[in-house]
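These are my notebook entries on a structure that I examined one topic at a time. Each entry records what I looked up and what I found.

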Amino acid sequence: MDFDPTPFNASEAWISWLRLVGVLSLCAIGLSFILAVARNGSRGVTIFAEGLKGFLSDLTSLNPRRIFALASLTFKDAVRRKALLVFVVFIALLMFAGWFISDSTGRPELQVKKHIALVLTSIAWLTLPVVIYLSCWVIPEDIGLRSMHTVVTKPVRRIEIVVGRILGFSSVATLVLGLMGLIGYGWILRQVPAEVQSHLTCRVPVFGQLYFIDPAGQPSRTGINVGDPWMFRSFVQGNSRARAVWVFRNMTPETVGDELTLESRFEAFRTVKGSESSIKSGMEAQYVLVKNPREEAFGGLAIGATFRDFADALREGQFNNAAERANELAEKIRTSPREIPEQDYGGLFFGSGAANQVLDALATQDAGKPGAESISALSGKFLKLSETVSALSKAQESAGNAPFLSVADDLASIAETLSADAELLRERLPRLEVPLPTFNVAEFHAGDNVSKIPRRIQFTADYETLSRFLSSRVEALNAEGKLVSGDALSAELESSLEQGGPMSPENARLLATVLNEQLSAGELVIADGKLSPSQNRRWLTFFDTLVQKEMLVSQDIEGWKLELDLFNDLTTMNNLRVEVACVNDQMYLGMARPDLFVRLPDRSFRVGYFKSILTLCLMMLLVVVIGVTASCVVKGPVSVFLTLTIFILGQFFHGMMDRISGGKEAGLGLVESATLIFQHRNPNAGMDASESTQNFVRSLDSVSNGLVKGANSIVPDFGIFQSSATYVENGFDVPFDSAVLPSIAAFLAFLIPCILLAGACLKFRELEAK
Amino acid sequence: MNNLNSRQRKLLYALGILVLLIPIIYFGAPVSRDVKVDDASVEGGYLAQLRHDHQLGETTLGEIDPSSSAMNLVLLGMKGMAVCYLHQNAIEYQERKDWAKLRETVDSIIMLQPHYREIWKFQGWNLAYNVSREWDKVDDRYFWVKEGIKFIQEGTNRNQKIPILFHNVGEFISSKMGISDEKKFFRQYFVSDPNVEKFNGGADTDINPKGIDSFLVAYDWFTLANAKDDLYDMTGMTHVFFRQGPPKARLSYAEAQQKDGLENEEARQANRAAWDEGYREWMEVYGVYEFRGLHDWKYKLNSTEEDLVQMAEENGISLDDQRNLWARNVDMVHYRFWRDYANAERDPETVAAHQAFFEGKKAYNEARSVDRYVKGKEEYEKSDAERLFDEAMQKWVRVFEKYPNMSVDSQSYIDEALLTVYYWIKVHENNGRKPPTEFPLKTFWEGNADRRPEIEREFMMDAIRVQPEETPAGG
């Protein structure tokens, strides 16, 4: 997918809507009051009050029966006006559409995309003129022909006429769209060649959060820019430490199922031709499933270069080393605090805050387990550190070095905990990496890079994971009393090790032999029928040493094959971390957030297709609402132009208005640009005018920018409604929170104020004036 | 005022329609079939006949596309705006790598501008060259190269009177399959498409209906382009370059065959025949074509002194002017080089030199480069590789004596001869011997000392090429 789906923030939208509608309503009421007083003098106050009261009374006494009667009348009227003839055009178009769609491309996904795009685009664009014509023309015509008089003389409130008309036209538009949708659906199924029908599906993606790790191993918001003018994707360097890291939330068997499906669509970029197999098969990528609370907790501390060594030691689980680095930093801060760049303190603030949050969550999750208290203590100390660092920016100059001394003290205190609980912390903060088999990148072939990962994963362990596995296995056997027999190791040890889990006979033999050797060498001791490492070391530290000394190199050709549960062992608080690496040297993989997602079971094509029809329908209903509102204010032709203008602005220029309003559009203001063109000067040179003239021109531009901002607030963004079509065209289900909900919200956001405005205008309009 | 009832009125309308239909059919009846270039007249209305006579109608320009005509009609006068909008969209889709929409938009543009030569050229080039390189896998790249070729082929169907489009098809095919970085794969794919499912191991018949080599297909297109050029005025390219398409494709075909390796006598014969044919076309077809140069003066590339005198008379200019005109164009198209190259290549002496080098390399790669100890004689016998490289060097000496220009002009000859020497030296070194100080190509070897790093690199590349292919990913 080449766009980033952003979930709709309903509460924020609701607040900004209330604010905007409130301001506009107050303006309208104020303006009406001024006009009433201006035209009628002091009597205007009474007239205004009575009018407002009458309008509010109309609002509270809407009669559904009358509205329904008016709606059914409108429906009949629309049918009489041959609105349904649009079907004929649509069917004619579909009959000959085959001419316009060449299947020379032969690619399944391209063929499917073309067919869907044709149907959805034609539905939208064919219905639009009919809807605009009906909604804009009927009320002015009724007023002109005085047929409105026959209605208003009956006990019908004028706002009911507006609502009835909107409802009537809406039902016509819904009927037309619904039928067109059904016909279009049938046409797609019939027209798409049989061999590519399997591409008519709705994939259901779960997107994660993406950040990058640069070739030096440091976290970064973006990857490398390879010079692509489209900045959508960032690239990671092949055969280096660079990674793209996705974190997927709420990954449980209940949400995902027993098998995890990962789908990706990365882009390849190479600086060398590469081997013949890479030319033929494409570049290779690799997923690594990672559970790494150390990275999550301490990765942020590496932002500032000053604290990077400290962060790296923590990330590697070398807590004694980290304690030394922390003491060094504390000393440096005490002696020359201002030598450290300000942004590094900012990094320390962010990093310690993140460390506190992650460690706190871990401490809560592991409460009661050994080491949980150490983590909790460390978490508290990082919180304190973040507070003291935060206080630095607020501290007055006059405070001197005192605030820095507090930071140094906090770091020293952290060093103390790290040093004291190094072994416990290492035990509780594991780094588990499960590299999956490499695969060739399919690039723009959507749906070709799908990896299915079973819940039980077998993998070859790295050093740290092996140490953890062996220490936990030996501890378990020790607890069961199967490790020791008298003053020696049990004769059954080998078979016990083998029976307990994925350990080959060769490796079980090796482990038993090494344990016996260590016992003889005094590295292990037997006390009270239990085996334990000498000098009160912990089992993890003991095995770490053996593994580092390469005393436990697998005797099995397959290596130390371990088995893990995807959800229980590889997620942290149900968050799954997937790192993506580029395997090939001097090549790069480009990725953006939607390029990798967890694929839930697919839904039927019709689900996404009809959701898309629903959002198109909402768009048409909004056009109806705007058209009817415009027709209550101005005459038919003007109303058509007004509605069309609003539509064109909302459809084609909303993005530009958004950019101008948000200050993201490059360039100068309207008048300033025109002046520069006239003066043949470029924006860098600026206007050839006095300072005061320049200020005057810019103030004029601020007015035009203000107008654009205003228009941006009150013109609906019609692109929202059509975004759902993009999902379906690309074979995705239309997400409720990113596409359907914004469409519903946008429709309702305009429906309510438009009804009030149209009702008020029709109520106070002099019908005899035509 | 109106005494007619409804039925009478309807009858009157029907009658009116019929009356109006007669002139409409007489004047406006359309042509119902594609019109051939040499058709003297067409079946159809008076207007259709006029359009044909003045070559203004769609039917006279190429195939009729009803959808294109319908689109142009529906847009009324808004075609220009629609085209601008579509072009902008196409650029945006390309930037955003939405290839499906780009292809779709390009098709729409063509519907609106079916006879605009530059659109066919630009978008055909864009698909075959720019879009294809955005993809990583070579078969994906090939797919988009085909798309570009098919696109411009469609342009020729719709524009029978634009010779340059026919030439462009040939150019796309010969350059993509024969010169590009991926030529090794593309040339193979051209006769055996990677989409086995669809083409069953054969060629994509849309671009290669006969399933033959890419240069031969390019040859057909260049020949067709020249035939169109005979009928209509070609614009968009220097004429003397335009007309060299067919013989160049023939020569490139022969050259490619040689690079692929000539395993047996049959292949060698076929290759010599290809060079013969290329040489013949270069000399007897392209060489004798009457071009119009500066001031519309006539000239022929393959001219003798007598021809120059005769042409000068015909042009009414001095012999010097005629000679200058001729010489400029001969130099511009490297006429002499290609003549000598083709001539040398069809010579059995040159074929033997290539063959000896090829066999020598084969022996080297098959480890037949170690001196053999002969028991009875108690001495070492030259390895196969050394013997073959010796032989190749001697043959190269004879070729350069016969075609001295080639030892200066032809980079491929120079490189091959230098590589022969380099291999020969390596064989000696591998056997722990110093190469003799005197050897057949000594002067040539020393005279091209600056090329040695390049030759060394080429030797290394040869060594890499013969290594077994690495295990496919994931395998």
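**Entry 1: a nonpolar patch.** I looked for nonpolar side chains grouped on the surface of this predicted model. I found a patch formed by W125(A), L644(A), I648(A), F652(A), F653(A), M656(A) and Y85(B). Together these residues have about 610 Å² of accessible area. I then asked which element gives the most residues to the patch. That element is helix α23 of chain A, residues 636-652, with three residues. I located F653(A) in the loop between α23 and α24 (654-661) of chain A. F653(A) has 35% relative accessibility, so I recorded F653(A) as partly exposed.

**Entry 2: a glutamine in chain A.** I turned to Q722(A), which lies in helix α27 (residues 719-729) of chain A. Is Q722(A) buried or exposed? Its relative accessible area is 19%, and buried means under 20%, so Q722(A) is buried. Leaving aside residues up to four places away in sequence, I noted that Q722(A) touches L616(A), M619(A) and Q651(A).

**Entry 3: cysteines.** I searched for disulfides and counted zero over all chains. I checked C617(A) to see why it has no bond to another cysteine. The closest cysteine sulfur, in C754(A), is 17 Å from the sulfur of C617(A), which is too far for a bond. C617(A) counts as buried because its relative accessibility is 10%. C27(A), at 47% relative accessibility, counts as partly exposed.

**Entry 4: domains of chain A.** I read the domain assignment of chain A. Domain 1 covers 58-201, 604-666 and 720-769. Domain 2 covers 205-293, 433-451 and 588-600. Domain 3 is 296-429 and domain 4 is 462-559. The C-alpha centres of domain 3 of chain A and domain 4 of chain A lie 35 Å apart. Five residues from domain 3 of chain A and seven residues from domain 4 of chain A take part in the contact between them.

**Entry 5: salt bridges.** Side chains of opposite charge can pair when their charged atoms come close. My count of salt bridges over all chains is 71. In chain A, I examined E316(A) and R431(A), whose closest N and O atoms are 3.6 Å apart. E316(A) is in the loop between α11 (308-315) and α12 (319-335), and R431(A) is in the loop between α16 (422-428) and β9 (432-435), so the pair ties together parts 115 residues apart in sequence. E316(A) is partly exposed, at 35% relative accessibility.

In chain B, D331(B) and R336(B) form a salt bridge with their closest N and O atoms 3.1 Å apart. D331(B) is partly exposed at 46% relative accessibility, and R336(B) is partly exposed at 34%.

I also recorded the salt bridge of R451(B) with D415(B), where the closest N and O atoms are 2.8 Å apart. R451(B) sits in the loop between α23 (442-447) and α24 (452-465) of chain B, while D415(B) belongs to helix α22 (residues 411-430) of chain B; the pair links parts 36 residues apart. R451(B) is partly exposed, with a relative accessible area of 21%, and D415(B) is partly exposed at 22%. I then noted one network, in which salt bridges that share partners join D228(A), R233(A), E267(A), D595(A), K97(B), R133(B) and E134(B).

**Entry 6: chain B overall.** I listed 24 helices and four strands in chain B. Of its 475 residues, 46% are buried. The accessible surface of chain B comes to about 24900 Å², and 54% of that belongs to carbon and sulfur atoms.

Key: Residues are numbered from 1 along each chain as its sequence is written. Chains are lettered from A and ligands numbered from 1 in the order in which they are written. This is a predicted model: local features need pLDDT of at least 70, side-chain atom pairs count only at pLDDT 80 or more; totals for chains, interfaces and linings use all residues. Side-chain values use heavy atoms; hydrogens and water are left out. Helices (H or I, at least four residues) and strands (E, at least two) are DSSP runs, numbered from the N terminus. Buried means under 20% relative accessible area, exposed over 50%, partly exposed in between (1.4 Å probe, protein chains only). Accessible areas come from the Shrake-Rupley method with a 1.4 Å probe; for residues, only the protein chains shown count as cover. A disulfide is a pair of cysteine sulfur atoms within 2.5 Å. Patches are made of residues with over 30% relative accessible area and no salt bridge: like charges are joined within 9 Å, nonpolar side chains (Val, Leu, Ile, Met, Phe, Trp, Tyr) within 5 Å. A salt bridge is a side-chain nitrogen of Lys or Arg within 4 Å of a carboxyl oxygen of Asp or Glu. Contact means heavy atoms within 4.5 Å. Domain bounds come from an automatic or database domain assignment.
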